[in-house]
Amino acid sequence: GNLAYLIQPPLLEEEGLGPALRAFVAGYNRRLGPQISLSFPSQLRRLPSDVETTLFRVAQEALANIERHSGSATAEIRFLSKPGELLLVVADHGCGISKEILKQLNRGTALPGIGIAGMRERVRLLGGLMEIYSSSAGTTVTAKLPIKRPQLGRQSA
């Protein structure tokens with residue numbers, strides 16, 4: 001198995017999801033893979049570490065799938081922070097996933113060991129939902145995670 005994949009990137013632990021993803025995307029774009037754009041809310045606070053790790057892995061896994069299967073030259077990773085939930089969207093403009101495979105992925109019956117099924121399970125354990133939409137115009141992976149209201153520091157009244 002690919003052990004390096006399971007190791008927490010130190011940047012994720014030290015700086016959080018935004019900086020870790022920015023570094024990951026920058027490294028990715030230096031290779032000749034699909035070029036990725038990232039939008040991330042600048043004011044997003046640190047999240048619980050299992051949430052940060054899961055979102056990082058979903059983005060990583062979605063990019064790996066884009067590179068292996070989609071033939072897309074570009075892709076976007078977008079984080080949207082809404083009250084009480086965080087949304088991660090990874091979209092490409094490739095050839096799309098066949099309906100059969102898509103059905104399996106969304107049912108969770110894809111082959112064991114396929115990254116997406118593992119990611120879906122991690123998202124589900126955090127109370128979230130992961131969905132995949134695909135057409136001939138491209139594929140979108142969406143992960144929604146409930147986020148408790150951030151604990152605000154003590155403020156002097």
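Partly exposed residues are those between the two cut-offs of relative accessible area, with buried meaning under 20% and exposed over 50%. By that yardstick Arg78, at 32% relative accessibility, counts as partly exposed. Please keep in mind as you read on that this is a predicted model.

**The overall layout**

Let's start with the fold as a whole. The protein has 5 helices and 5 strands, and along the sequence they follow the pattern α-α-β-α-β-β-α-α-β-β. Of its 157 residues, 39% count as buried. Among contacts with a separation of 6 or more, 63% are between residues 24 or more positions apart. The protein exposes about 9,400 Å², and carbon and sulfur atoms supply 57% of that area.

**The nonpolar core**

In soluble globular proteins, nonpolar side chains tend to be buried together. Here the largest nonpolar core has 34 residues, and those with the most contacts inside it are Leu17, Leu55, Val58, Ile77, Phe79 and Leu88. Several elements each supply at least two residues of this core, including α2, β2 (74–82), β3 (85–92) and α5 (115–125). Helix α3 gives the most, with 8 residues.

Ile77 is a handy residue to click on in the viewer. Leaving aside neighbours within four places in sequence, Ile77 is in contact with, among others, Val25, Ile36, Leu38, Ala59, Leu63, Leu88 and Val90. Two serines, Ser37 and Ser39, are also among the contacts of Ile77.

**Salt bridges**

Side chains of opposite charge can pair when their charged atoms come close. The structure holds 5 salt bridges, and the table shows some of them.

| Side chains | Distance, N to O |
|---|---|
| Arg31 and Glu67 | 3.4 Å |
| Arg68 and Glu61 | 3.7 Å |
| Glu76 and Arg78 | 3.6 Å |

What does the Arg31 and Glu67 salt bridge join? Arg31 lies in the loop between α2 (17–30) and β1 (35–39), while Glu67 is in helix α3 (residues 49–70), so the pair ties together parts that are 36 residues apart in sequence. Arg31 is partly exposed, with a relative accessibility of 41%, and Glu67 is also partly exposed, at 36%.

Is each partner in the Arg68 and Glu61 bridge buried or exposed? Arg68 has a relative accessible area of 54%, which is over 50%, so Arg68 is exposed. Glu61 has 8% relative accessibility, which is under 20%, so Glu61 counts as buried.

The bridge between Glu76 and Arg78 brings us back to the opening example, since Arg78 is the partly exposed residue at 32%.

Note on methods. Residues are numbered from 1 along each chain as its sequence is written. This is a predicted model: local features need pLDDT of at least 70, side-chain atom pairs count only at pLDDT 80 or more; totals for chains, interfaces and linings use all residues. Side-chain values use heavy atoms; hydrogens and water are left out. A salt bridge is a side-chain nitrogen of Lys or Arg within 4 Å of a carboxyl oxygen of Asp or Glu. Helices (H or I, at least four residues) and strands (E, at least two) are DSSP runs, numbered from the N terminus. Buried means under 20% relative accessible area, exposed over 50%, partly exposed in between (1.4 Å probe, protein chains only). A nonpolar core is a set of buried Ala, Val, Leu, Ile, Met, Phe, Trp, Tyr and Cys residues joined through side-chain atoms within 4.5 Å. Contact means heavy atoms within 4.5 Å. Accessible areas come from the Shrake-Rupley method with a 1.4 Å probe; for residues, only the protein chains shown count as cover.
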